[in-house]
Structures are given as structure tokens and as C-alpha cells.
Amino acid sequence: MSTFVLVPGFWLGAWAWEDVARELRAAGHDVHPVTLTGLADRAGEATPGVGVETHIADVVRVIEDGGLRDVVLVGHSGANQPVTGAADRLPAGRVARLVYVDTAPLPPGMGVIDFNDPGTQESWRRQVAEEGDGWRLPVPAFDPADDPENLAGLTGEQLDRMRALCTPQPFRTATDPFERAGEPSGMPCSLIATTFTPEAVRELAATGNPLFAPLAAMDLWHLPTGHWPMFSAPGALAALLDGIARG
């Protein structure tokens, strides 16, 4: 059996992994869902200084303080930088595999905000300035009418729960560029695509696109649902993670 560390994306805490963690534990795995600094039950720790380095340190601390080894380190969405950074900085033997859920590692020098289209970037900055005291990204409305692709598969009850439990995201975690502390770890990586397909990744990689070219060598999987599979398809997501861990 494997040891999983599950890191949620923006606005979420460890609570987001409850259903997935239950399925993985039922399959015999050791599971550690993470709440990053400034989110969910750690919202009281939010400050303007919380950034990517803070969240990388959070993930490193969970693994080192827990004495965890051969970890399957899973990052959803905006957690791509914390899990990539942690894997690079932890000593050999701590992390066995990285799994990206509807996300991917970013090139050095790029922030999460840079991966979004200009309209989204402008909207985020405006929301932070007008509603987030200049340093917090407010929780989205999670309106399926405005975002049908990403919110696909979610029930009204699930959307209400997200609105109730999500917390504003320290904005530096979106704007800080990802700087590697050393050479990339080179460990095995898997990508579970939900809002795009492995075929699309391979096509973009073949063009030499710097965002997608490194993904061609990854172990690619498809789970057709929205951007929040821990809510819309937790059983299927857990089954995929179980299969990936078993090799």
C-alpha cells in the first residue's frame, strides 16, 4: 500500500479531499490531506506575506515531520507549485511520484496567474483590489451558468458547500513566480486530465509549446468531468490514484 499526501488547489483545505481520502483508506492506503497556510481551518494564519514559498514549506513539513517516505504527492490545480517545489527540495526517498490533477508543473519564473488568459488575470487583480484588501483573491461565485466546463458534474448541494467552506486565497500564491531551489527532481510524474484530454496534451507538446512540451513524457490519464473531481467524481478519482500508486 502507498502513502498519499493530498494538496488542494486554490480556496480549498483538507476538507476537499474527504471523499477521496475515505476511498483510498478503504483500499488500504495511508492518506494525509493538507490544509495550506491561510486557508480553511488555517485562515487565521493568512497574511499578505503568504506566498508560494510558504506553501512549499507547508508540504515539506507535512512529509518530514510525519516521517513519511515513498510518498505519492498529489496536487490539484493551483497546488502545482507547492507540490513541485516540495518534491525538488525533499531528499531522495521521501517522494516516489508526483500526480497532477487537472494541472501541471509551470516553467521556472512563471506564476499561476500567468497561466490564465488576460481577461482572467485582469479580473483577479480587480477583485483583489476591490474586495480582497489588496492581498486576497476572493472565493469565486461558482456559478455554472458562467463556468459550465470547470463546474461540470457538480450538484447544487456540492456548489453550496464549496461556497460555504472555501476561503479567500492569499494572492501572492498566484503571482509569485516559481523558482526552483535546485535541479528538477526527475521523479516519475502522472497527470490526471479532467477538463482537457491526454490527446490534446500530446498535440500541444508536439508543437514545442514550452508549457506542454515537458508533459509529453508524463504518465497521462483522463477522467472526463469538471475541474473539481474530488467533488464531482471522488470515487473515480480515488480509483485512478489507487491504480497509479500500484503501478
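This short talk goes through some helix packing, a few buried residues and two unusual backbone angles in a predicted model.

Let me begin with helix H9, which takes in residues 234-246. H9 has 13 residues and reaches 18 Å from its first C-alpha to its last, close to the 18 Å that would be expected at 1.5 Å a residue. Several of its residues are buried, namely Pro 234, Leu 237, Ala 238, Leu 240, Leu 241, Asp 242 and Ile 244. In an α-helix there are 3.6 residues a turn, so residues three or four places apart point the same way. After the helix comes Gly 247, and the phi of Gly 247 is positive, near 75°.

One of the partners of H9 is helix H1, residues 18-26, and the two pack at an angle of about 45°, with their axes 9 Å apart. H1 and H9 are therefore oblique to each other, and H1 passes H9 in a right-handed crossing. From H1 the contact uses Asp 19, Val 20, Glu 23 and Leu 24, while from H9 it uses Pro 234, Gly 235, Leu 237, Ala 238, Leu 241 and Asp 242. If we divide the residues of this contact by character, we find six nonpolar, one polar and three charged. Looking back at the buried residues of H9, you will recognise Pro 234, Leu 237, Ala 238, Leu 241 and Asp 242 among them.

The second helix pair I would like to show is H2, residues 52-65, with H3, residues 80-89, which pack at an angle of about 60° with their axes 8 Å apart. That angle makes H2 oblique to H3, and here too the crossing, as H2 passes H3, is right-handed. On the H2 side, Val 52, Glu 53, His 55, Ile 56, Val 59 and Val 60 take part, and they meet Gln 81, Pro 82, Gly 85, Ala 86 and Arg 89 on the H3 side. The residues of this contact divide into six nonpolar, three polar and two charged.

How much of H3 is covered? H3 is mostly covered, with nine of its 10 residues buried, and those residues are Asn 80, Gln 81, Pro 82, Val 83, Thr 84, Gly 85, Ala 86, Ala 87 and Asp 88. H2 is one of the elements that cover them, and the cover also includes E1, E3, strand E4, which is 95-101, and helix H6, which is 172-175.

That brings me to the strands, and to Val 74 in particular, which is placed in strand E3, residues 71-76. With a relative accessibility of 0%, Val 74 counts as buried. Setting aside its neighbours within four places in sequence, Val 74 is in contact with Phe 4, Val 5, Leu 6, Val 7, Trp 17, Val 83, Val 99, Val 101 and Leu 241. Its C-alpha atom is separated by 5.9 Å from that of Tyr 100, although the two residues are 26 residues apart along the chain.

In strand E1, residues 3-7, I would point to Thr 3, which counts as buried at 15% relative accessibility. Not counting residues up to four places away in sequence, Thr 3 touches Asp 30, His 32, Leu 68, Arg 69, Asp 70, Val 71 and Val 72.

Finally, let me turn to the loops. Most residues other than glycine have a negative phi. Trp 11, however, has a positive phi, near 75°; this residue is placed in the loop between E1 and H1, and it is buried, with a relative accessible area of 9%. Asp 102 also has a positive phi, in this case near 50°, and its place is in the loop between E4 and helix H4, which is 118-131. At 6% relative accessibility, Asp 102 counts as buried.

The loop between E4 and H4 also holds Ala 104, and Ala 104 is buried, with a relative accessible area of 14%. What does Ala 104 contact, once its neighbours within four places in sequence are left aside? Its contacts are Asn 80, Leu 191 and Leu 215, and Asn 80 is one of the buried residues of H3 that I listed earlier. As for Val 74, which is 30 residues apart from Ala 104 along the chain, the C-alpha atoms of the two are separated by 11 Å.

How values were computed. Residues are numbered from 1 along each chain as its sequence is written. This is a predicted model: local features need pLDDT of at least 70, side-chain atom pairs count only at pLDDT 80 or more; totals for chains, interfaces and linings use all residues. Side-chain values use heavy atoms; hydrogens and water are left out. Helices (H or I, at least four residues) and strands (E, at least two) are DSSP runs, numbered from the N terminus. The expected span of a helix is 1.5 Å times one less than its number of residues. Buried means under 20% relative accessible area, exposed over 50%, partly exposed in between (1.4 Å probe, protein chains only). Axes are lines fitted to C-alpha atoms, for helices over the stretch in contact, and angles run from 0 to 180 degrees between N-to-C directions. Angles under 35 degrees count as roughly parallel, over 145 as roughly antiparallel, 65 to 115 as roughly perpendicular and the rest as oblique. A crossing is left-handed if the near helix is turned anticlockwise from the far one by less than a right angle, and right-handed if clockwise. Contact means heavy atoms within 4.5 Å. Ala, Val, Leu, Ile, Met, Phe, Trp, Tyr, Cys and Pro count as nonpolar, Asp, Glu, Lys and Arg as charged, and the others, Gly among them, as polar.
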